[in-house]
Amino acid sequence: MESLSPVIGQKAIFPSTTGYTDHDLFSGPVRLRTVRNLNRACRRLRIRVQAGNGVSKNAAAGVGIDFSDPDWKLKYSREFEARFNIPHMTDVFPDAVSYPSTFCLKMRTPITETFAEGYPSDEKWHGYVNNNDRVLLKVINYSSPSSAGAECIDSNCSWVEQWVHRAGPREKIFFKPEEVKAAIVTCGGLCPGLNDVIRQIVITLEIYGVKKIVGIPFGYRGFSEKGLAEMPLSRKVVQNVHLSGGSLLGVSRGGPKVSDIVDSIQERGINMLFVLGGNGTHAGANAIHDECRKRRIKAAVVGVPKTIDNDIMLMDKTFGFDTAVEEAQRAINSAYIEAHSAYRGIGIVKLMGRSSGFIAMQASLASGQIDICLIPEVPFNLHGPHGVLRHLKYLLETKGSAVVCAAEGAGQDFLEKTNAKDASGNAVLGDIGVYLQQEIKKYFKELEQTADVKYIDPTYMIRACRANASDGILCTVLGQNAVHGAFAGYSGITVGICNTHYVYFPIPEVISKPRVVDPNSRMWHRCLTSTGQPDFL
Ligand SMILES: Nc1ncnc2c1ncn2[C@@H]1O[C@H](COP(=O)(O)OP(=O)(O)OP(=O)(O)O)[C@@H](O)[C@H]1O
Ligand SMILES: O=P(O)(O)OC[C@H]1O[C@](O)(CO)[C@@H](O)[C@@H]1O
Ligand SMILES: [Mg+2]
């Protein structure tokens, strides 16, 4: 089929031409100077958005689509359906046999040891999800490309429905529970909720009747490193693990080649693999899925996206993000109290967020204590008449104190590049927090003005904690749905929440690029409104 999607995994997007309205920005009392600055911000933001914001929106728009074709919408929908098709075991094994699901909550007979009497099932139970059920990926019908945050396919912002697969238990399953050996692995950095997801996967597997469940220790490394033994898992083992942060199984970056991982999967007889991690981990999971197909191994590889950075495409949020934001507020509050109590105090908080400023933006919004929020997606000047330093001077003169929240990926252009990489190949970033602290001190020293600068770096504290209630629930649903997806015979998929519903995505679609804050989104505009910060360009 002719490719109609402009860029795989990327929607064709027309940028807003107006950015935001005066009403949106000036709904609260704003100082005159700030109004002037915000006006300038509007103009500059507009220019920047049109220039592309890193992701060249204009360049992506309409590429490959013949809008003069009266059927272009139909073709786009078909192409979309194909892109978001979720790989199934029957793609490779057309004769794969299905069985009535052993997941049936209505007939609560205890799971028998052997299923010798046949699988428990209840055909009248309406708790299953039909394979043809779909969830709408985009729910806003933008009337114009100039609407804030508009993501359009054509220049009229025509409405084209985009459906993705609904997650949940299916009536037919493609694995006999007694033949399943399920493994769980957690990779990358820590994230609140890892233990909650592990727990739910184990509990749900047991409900299906699976007896062989193991944890692979310390991420993908656990597949190859000697001395790292599988950890047997059961409801009893995981019962209370969600009460603490971290990962029961341990995490790591780097590790063996995909072919070595698949060798190990074959040797161990694993036929269900649940992979908890971020974009790198999912790239690995997809490669494992591909390699299993190549070798004609009947295995289901299912991901559960984990990242406090919230940088995974297409989903409302990833688990752990809410908790990280909540924890981040504690650091912001401390910085605020320090700054507020000091004579001409300035507090700086650096938060995680390698390429996405979601934590910094949301924590700034939630706390209401931030005067300047700096994120990787929005460039800024430190020096000069419109720079951050000049604004800090203004804040000290008018408010007496100021608090800055910076995402770790912000302002990297100011820092010396080292080309250093971590074990997974991720760039090691310079410390923007330390740099800001130094530059602020220098600036006020040169002005011969007092500035009491306090720097807080709560980095690991915001992700090493236990999941909060909302993340706990999200983890529960995602963990359960991961198991349902595997039993349904899907592989190379990941689970997510989409417009409050739960869905399965093919892995490549969610890792095609990092999800970033759209500087033209209502949320970033709300953040600017809340902080009152000007454009720093
Ligand atoms: N393209 C890839 N193909 C195969 N494996 C990969 C790929 N990228 C990363 N990995 C593996 O995935 C694991 C986790 O990757 P990484 O350290 O980048 O964390 P992540 O999953 O992106 O999570 P985080 O959000 O914490 O960064 C590592 O073991 C790494 O070797
Ligand atoms: O120090 P570590 O464990 O490599 O993790 C740091 C990284 O993990 C993340 O939290 C998730 O990718 C990033 O924001 C951060 O750069
Ligand atoms: Mg990553």
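These exercises work through a predicted model with two ligands, a pocket, a cavity and a helix.

**Exercise 1. Ligand 1**

Find which residues come nearest to ligand 1, and list polar contacts to its oxygen atoms.

Solution.
- Step 1: Collect the neighbours. There are 17 residues around ligand 1. Arg253, Gly254, Asn279, Thr281 and Ser424 come nearest.
- Step 2: Apply the polar cut-off, a pair of N or O atoms within 3.5 Å.
- Step 3: Check arginine 253. An N or O atom of its side chain is 2.8 Å from an oxygen atom of ligand 1.
- Step 4: Check threonine 281. Here a side-chain N or O atom is 2.4 Å from a ligand 1 oxygen.
- Step 5: Check lysine 306. Its side chain places an N or O atom 2.8 Å from an oxygen atom of ligand 1.
- Step 6: Turn to area. On its own, ligand 1 has 630 Å² of accessible area, and the protein covers 78% of this.

**Exercise 2. Ligand 2**

Name the residues that surround ligand 2, then give polar distances to its oxygen atoms.

Solution.
- Step 1: List the surroundings. They are Arg253, Ile308, Asp309, Met352, Gly353, Arg354, Glu408, Tyr460 and Arg463.
- Step 2: Take the acidic side chains. A polar side-chain atom of aspartate 309 is 2.8 Å from a ligand 2 oxygen. For glutamate 408, the distance from a polar side-chain atom to an oxygen atom of ligand 2 is 2.6 Å.
- Step 3: Add the backbone. An N or O atom in the backbone of glycine 353 lies 3.3 Å from an oxygen atom of ligand 2.
- Step 4: Work out the cover. Ligand 2 taken alone exposes 400 Å², of which the protein buries 78%.
- Step 5: Cross-check with ligand 1. Arg253 is among the residues that come nearest to ligand 1, and Arg253 also belongs to the surroundings of ligand 2.

**Exercise 3. The second largest pocket**

Describe the size and lining of the second largest pocket.

Solution.
- Step 1: Start with volume. It is about 980 Å³.
- Step 2: Locate the centre. The lining has 42 residues, and Gly189, Arg253, Arg354, Asp422 and Asn426 are the closest to the centre.
- Step 3: Assign elements. Helix H8 (258–268), helix H9 (279–294) and strand S10 (345–351) each give two or more residues to this lining. H9 provides the largest share, 4 residues.
- Step 4: Sort by class. The pocket lining has 16 nonpolar, 16 polar and 10 charged residues.
- Step 5: Link to the ligands. Arg253 and Arg354, both among the residues closest to the pocket centre, also surround ligand 2.

**Exercise 4. The second largest cavity**

State how many cavities of 30 Å³ or more the structure holds, and characterise the second largest.

Solution.
- Step 1: Count. The structure holds 4 such cavities.
- Step 2: Size the second largest. Its volume is about 100 Å³.
- Step 3: Read the lining. It includes His88, Met89, Val92, Phe93, His289, Cys292 and Arg293.
- Step 4: Assign elements. Helix H5 (89–92) and H9 each supply at least two residues. H9 gives the most, with 3 residues.
- Step 5: Sort by class. The cavity lining has 6 nonpolar, 4 polar and 2 charged residues.

**Exercise 5. Helix H14**

Compare the span of H14 with the expected value, and inspect both ends.

Solution.
- Step 1: Take the residues. H14 runs over 469–487, with 19 residues.
- Step 2: Compare spans. First to last C-alpha is 28 Å, close to the expected 27 Å.
- Step 3: Look at the start. A side-chain oxygen of asparagine 468 comes within 3.3 Å of the backbone nitrogen of serine 470.
- Step 4: Look just after the helix. Glycine 489 has a positive phi of about 95°. Gly489 also lines the second largest cavity.

Key
Residues numbered from 1 in each chain as written. Chains lettered and ligands numbered in written order. Predicted model: local features only at pLDDT ≥ 70, side-chain atom pairs only at ≥ 80, totals over all residues. Heavy atoms only, no water. Expected span 1.5 Å × (residues − 1). Polar contact = N/O pair within 3.5 Å; in protein donor to acceptor, adjacent residues only side chain to side chain. 1 Å grid on protein atoms, 1.4 Å probe; cavity = no way out; pocket = protein on both sides within 12 Å on 5 of 7 lines; lining within 4 Å. Points joined across faces, edges and corners; volume = space filled by probe spheres on them. Nonpolar A, V, L, I, M, F, W, Y, C, P; charged D, E, K, R; others polar. Near = heavy atom within 4 Å. Areas by Shrake-Rupley, 256 points an atom, 1.4 Å probe, with all protein chains shown as cover.
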